[in-house]
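Here is a quick tour for someone meeting this protein for the first time. Keep the picture beside you as you read.

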Amino acid sequence: MAVSQTEHSPSPPPQPPVAQTPGPRAAQFQKLFGDALNHTLRTCSYSKFASCFPTPAKYAPQTLTSIWQQITTKVEASARKEFDDIMAERDVVAGLNELERLVAEAQSRKRNGVEVREPPHTLPPERLFLAHLAPYLTQTETELEGELKRLQSDNEELSDGIQSQQEEMEQVVGGLEAFLADVERANEIMSNEVEGNSVKKEIADIEQDFRAAGREAKL
């Protein structure tokens, strides 16, 4: 009896749709980005920001605080929007969720000692595409994590540089204050000298007047 084509190539059951709710990998990836961004914003604290602008910080602290808040808010909003746009454009959540499912399925088969091979021609195109895409998604996730770590390291170096510049500025200001103190002491000494010479001159004039008066009295 002839075997029908349906028996040779059974139609695969429809695959469940990939959930758009972030799974463990996607949630961890989003958390990694959020932590890196928050760390970056914390390194740009108001005290460090104000140390770069000492004059406005002293005479207009409210204005400088408002500017700092606007800058940090705009940086945070821009970074989150760009991250969300990339996530949506690359459909990262769906890809990572599918990767999570494939890994869990493979681990389950390994634990049970079962190796079930589905005929490739029975797989839906989406699953074949994601199977080929899984290594790329893993590599992309690793690269993005490395880039975030590099960015975090660069931000720490920038923070250290700002701290070093602040210390140098404090040393320069301290030197200027010491120099001004020396100048003030020198001015005081010179003023005292001038006043002392003036008193001596007045005494000498009085003595001359007395001598002149004594000579006239003798005459």
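In what follows, a helix is a DSSP run of at least four residues coded H or I, a strand is an E run of at least two, and the numbering starts from the N terminus. On that count the protein has seven helices and zero strands, so to speak α-α-α-α-α-α-α when read along the sequence. Bear in mind that this is a predicted model.

Of the 219 residues in the protein, 18% count as buried. Among contacts with a separation of 6 or more, 78% link residues that sit 24 or more positions apart.

**Three helices to get to know**

Here are the lengths of helices 2, 5 and 6, set beside what 1.5 Å a residue would give.

| Helix | Residues | End-to-end C-alpha distance | Expected span |
|---|---|---|---|
| Helix 2 (24-43) | 20 residues | 28 Å | 28 Å |
| Helix 5 (61-90) | 30 residues | 43 Å | 44 Å |
| Helix 6 (92-112) | 21 residues | 30 Å | 30 Å |

For helix 6, the distance between the end C-alpha atoms agrees with the expected value, and helix 5 comes close to its own.

Which residues of helix 2 are buried? They are Ala26, Phe29, Phe33, Gly34, Ala36, Leu37, His39, Leu41 and Thr43. In helix 5, the buried residues are Leu64, Trp68, Thr72, Phe83 and Met87, and they pack against helix 2, helix 3, helix 4 and helix 6. Helix 6 buries Val92, Val93, Ala94, Gly95, Leu96, Asn97, Glu98 and Leu99.

**Where helix 2 meets helix 6**

Two packed helices are described by the angle between their axes and the distance between the axes. Helix 2 and helix 6 pack at about 135°, and their axes are 7 Å apart. That angle makes helix 2 oblique to helix 6. By class, their contact has seven nonpolar, two polar and two charged residues. On the helix 2 side you'll find Pro24, Arg25, Ala26, Phe29 and Gln30, and they meet Val93, Leu96, Asn97, Leu99, Glu100 and Val103 of helix 6.

**The nonpolar core**

The largest nonpolar core has 14 residues, and Phe29, Phe33, Phe83, Met87 and Leu96 touch the most other members. Helix 2, helix 5, helix 6 and helix 7 (125-218) each chip in at least two residues. Helix 2 gives the largest share, with six residues.

Take a look at Phe33 in particular. Leaving out residues up to four places away in sequence, Phe33 touches Ala79, Arg80, Phe83 and Leu148.

**Two loop residues**

Cys44 sits in the loop between helix 2 and helix 3 (46-51). Is Cys44 buried, exposed or partly exposed? With a relative accessibility of 32%, Cys44 counts as partly exposed. Apart from neighbours within four places in sequence, Cys44 is in contact with Trp68 and Thr72. Cys44 and Glu156 are 112 residues apart in sequence, yet their C-alpha atoms are 9.9 Å apart in space.

The other one is Asp91, in the loop between helix 5 and helix 6. Most residues other than glycine have a negative phi. Asp91 isn't a glycine, but has a positive phi of about 55°, and this comes just after helix 5. Asp91 is partly exposed as well, with a relative accessible area of 38%.

How values were computed. Residues numbered from 1 in each chain as written. Predicted model: local features only at pLDDT ≥ 70, side-chain atom pairs only at ≥ 80, totals over all residues. Heavy atoms only, no water. Expected span 1.5 Å × (residues − 1). Buried < 20%, exposed > 50% of the residue type's maximum accessible area, 1.4 Å probe, protein only. Axes fitted to C-alpha atoms, helices over the stretch in contact; angles between N-to-C directions. Parallel < 35°, antiparallel > 145°, perpendicular 65-115°, else oblique. Contact = heavy atoms within 4.5 Å. Nonpolar A, V, L, I, M, F, W, Y, C, P; charged D, E, K, R; others polar. Core = buried A, V, L, I, M, F, W, Y, C linked by side-chain atoms within 4.5 Å.
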